[in-house]
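Reader: I have a new model open. Walk me through how to read it, feature by feature.

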Amino acid sequence: MLHLEVLDTPEAVTERALEVFLTTVQEAVQKQGRCSVALCGGSTPQALYAQLALRSGVPWAQVHFFFGDDRYVPHDHPNSNYRMVQEVLFSKAPIPLENIHPMPTGKTAAEDAQAYAATLADYFRPEPPRFDLILLGMGNDGHTASLFPGDESLEATGVVTVAHPRLSEEAIATAPVRLTFTFSTLNQAHKVLFLITGKAKQKILAQVLKGEGGFPAGRVRPLGELLFIIDRAASSASD
Ligand code: 6PG
């Protein structure tokens, strides 16, 4: 079931996302002693990560951070999602290093995708990877994680795959090669939370919410909860 929350401003989206994040962590830790979260890149979640860094009382020792996608660049590269989160969150909160699981780079993209799938398998064993929370954004072209329109990664059947943003010049410029969770991994999640703001997303988002247009973001239909928290500008009801 898809739940949609439309809030007035991007700030309100961040605030609500923070609440959902903290509740999810609390419930998962209470139930199973730990919580698995997959983060996304992009600009929208940065305020959430910054807010999280300021929170006290978060059971950081029990929260494990993974990445749903990353640009295939070194970890200190300006376009690395890991670098962004390291800067705004990991370096600022008392999160144990062993709880941070960045996507690897340094071999070949295919080998590193396999290595990350093995990291997930180790964490979730004996179950298949089933995240407590996956954060996602949506690009203006309807991509999510690094699952881009027109790329063969959309049909990948494994856990983590190599991806190419073939049709988006902007995304190609940021990183022509990426690693990403497949739909199958996204769709195993207990909870997927999309954070989407801004008028540029409005048209495609309206279709994604209706399951129309075949956009990658519209193919995320997890076994668990699917929650969209968006601002008024991104909502088609705002015209
Ligand atoms: C990335 C992403 C990507 C992002 C969307 C939305 O690495 O860029 O994980 O899927 O979430 O492009 O980005 P914005 O939040 O900047 O609109």
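Reader: Which of the 15 residues around the ligand come nearest?

Author: Keep in mind that this is a predicted model. To read a ligand site, begin with the residues around the ligand. Here S43, T44, R71, A145 and K201 come nearest, out of 15.

Reader: Which polar contacts should I look at?

Author: Look for pairs of N or O atoms within 3.5 Å. One ligand oxygen atom lies 2.7 Å from a polar backbone atom of S43. Side chains take part too. An N or O atom in the side chain of D69 is 2.7 Å from an oxygen atom of the ligand. For the side chain of H143, the distance from an N or O atom to a ligand oxygen is 2.8 Å.

Reader: How much of the ligand does the protein bury?

Author: Compare the ligand alone with the ligand in place. Alone, the ligand exposes 420 Å². The protein buries 89% of that area.

Reader: Now the sheets. What is the strand order in the sheet of 6 strands?

Author: Read a sheet from edge to edge. The order is 1-9-8-5-2-3, the sheet is open, and the pairing is parallel. Strand 1 (2–7) and strand 3 (63–67) are the edges, and each pairs on one side only. On average, neighbouring strands are turned by 20° against each other, direction ignored.

Reader: Over how many bridges do strand 1 and strand 9 pair?

Author: Count bridges, then find a facing pair. Strand 1 and strand 9 (residues 225–231) pair over 6 bridges, in the parallel sense. L4 stands opposite F228 of strand 9.

Reader: Which strands does helix 1 touch?

Author: List the contacts, then check direction. Helix 1 (residues 10–32) packs on this sheet and touches strand 1, strand 2 (35–39), strand 3, strand 5 (133–136), strand 8 (191–196) and strand 9. Its direction makes about 155° with that of strand 9.

Reader: What is the order of the sheet of 3 strands?

Author: Apply the edge-to-edge reading again. The order is 4-7-6, in an open sheet with antiparallel pairing. Strand 4 (69–71) and strand 6 (160–163) each have a single partner strand, so one side of each has no neighbour in the sheet. Neighbouring strands here are turned by 20° on average, direction ignored.

Reader: Which residue stands opposite R71?

Author: Find the strand pair before the residue pair. Strand 4 pairs with strand 7 (residues 178–181) over 3 bridges, in the antiparallel sense. R178 in strand 7 stands opposite R71. R71 is also among the residues that come nearest to the ligand.

Reader: Which strands does helix 4 lie across?

Author: Helix 4 (residues 109–124) lies across strand 6 and strand 7, and runs at about 155° to strand 6.

Methods:
Residues are numbered from 1 along each chain as its sequence is written. This is a predicted model: local features need pLDDT of at least 70, side-chain atom pairs count only at pLDDT 80 or more; totals for chains, interfaces and linings use all residues. Side-chain values use heavy atoms; hydrogens and water are left out. Two strands pair if DSSP finds at least two bridges between them. Helices (H or I, at least four residues) and strands (E, at least two) are DSSP runs, numbered from the N terminus. Axes are lines fitted to C-alpha atoms, for helices over the stretch in contact, and angles run from 0 to 180 degrees between N-to-C directions. Contact means heavy atoms within 4.5 Å. A residue is near a molecule or strand if one of its heavy atoms lies within 4 Å of it. A polar contact is a pair of N or O atoms within 3.5 Å; within protein, one must be able to donate a hydrogen and the other to accept it, and residues adjacent in sequence count only if both atoms are side-chain atoms. Accessible areas come from the Shrake-Rupley method with a 1.4 Å probe; for residues, only the protein chains shown count as cover.
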